[in-house]
Amino acid sequence: MEDKLNGLAKRYDTKVKITTKLQFDCKGVNTIISYPVESESGMGIIVELDKEISVFMDGIGYENIGGGSGFGYRDLEYQKRSKSKS
């Protein structure tokens, strides 16, 4: 996953950081993909990169459960789809 996402980010002259966190209810793990945003406000997105990440993550069985930007980073949060939703 990390190699593919870094390959996508390289096309947009950026890098991604991938972190995981246990869900509050301890029923699974969320994956957070972050990349730096270069703007005076520290907010923004790279629209095409977001789309490519979404297509890739969907293809490996993850669904987007949120996202946002601020403090110089764009964050996209994904969760593995449960087998009943596939």
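Helices (H or I, at least four residues) and strands (E, at least two) are DSSP runs, numbered from the N terminus. Keep that in mind, as I will use those labels throughout.

A word on the model. It is predicted: local features need pLDDT of at least 70, side-chain atom pairs count only at pLDDT 80 or more, and totals for chains, interfaces and linings use all residues. Residues are numbered from 1 along each chain as its sequence is written, and side-chain values use heavy atoms, with hydrogens and water left out.

Start with helix α2. It covers residues 47-59. How far apart are its end C-alpha atoms? They are 19 Å apart. The expected span is 1.5 Å times one less than the number of residues. For the 13 residues of α2 that gives 18 Å, so the two values agree.

Next, which residues of α2 are buried? They are L49, D50, I53, F56 and M57. Buried means under 20% relative accessible area, exposed over 50%, and partly exposed in between, with a 1.4 Å probe and protein chains only. Look down the axis of α2: its buried residues fall within an arc of 130°, so they line one face. That arc is taken from the directions from the helix axis to the C-beta atoms. The general rule: an α-helix has 3.6 residues a turn, so residues three or four places apart point the same way. On the face of α2 turned away from the buried side sit V55 and G59, both exposed. Just after α2, G61 has a positive phi of about 95°.

What does the buried side of α2 pack against? Its buried residues pack against α1 (2-11), β2 (29-36), β3 (62-70) and β4. Contact here means heavy atoms within 4.5 Å. L8 is a good example. Not counting residues up to four places away in sequence, L8 touches L49, E52, I53 and F56.

On to the core. A nonpolar core is a set of buried Ala, Val, Leu, Ile, Met, Phe, Trp, Tyr and Cys residues joined through side-chain atoms within 4.5 Å. The largest one has 14 residues. L5, L8, V16, I33, I53, M57 and Y78 touch the most other members. α1, β2, α2 and β4 each supply at least two residues of this core. The largest share, 4 residues, comes from α2.

Now the strands. Two strands pair if DSSP finds at least two bridges between them. β2 and β4 pair antiparallel, over 7 bridges. β3 and β4 also run antiparallel, joined by 8 bridges. In that second pair, G67 has L76 of β4 as its bridge partner. β3 and β4 form a hairpin with 2 residues between them, and F71 in the turn has a positive phi of about 55°.

Two residues to finish. R74 lies in strand β4, residues 73-80. Is R74 buried or exposed? R74 is buried, because its relative accessible area is 13%. R74 is the bridge partner of Y35. Its side chain makes a polar contact with the side chain of D50, at 2.7 Å. A polar contact is a pair of N or O atoms within 3.5 Å; within protein, one must be able to donate a hydrogen and the other to accept it, and residues adjacent in sequence count only if both atoms are side-chain atoms.

N64 sits in β3. At 41% relative accessibility, N64 counts as partly exposed. The side chains of N64 and Y78 share a polar contact of 3.5 Å. A polar atom of the N64 side chain also lies 2.9 Å from the backbone nitrogen of G66.
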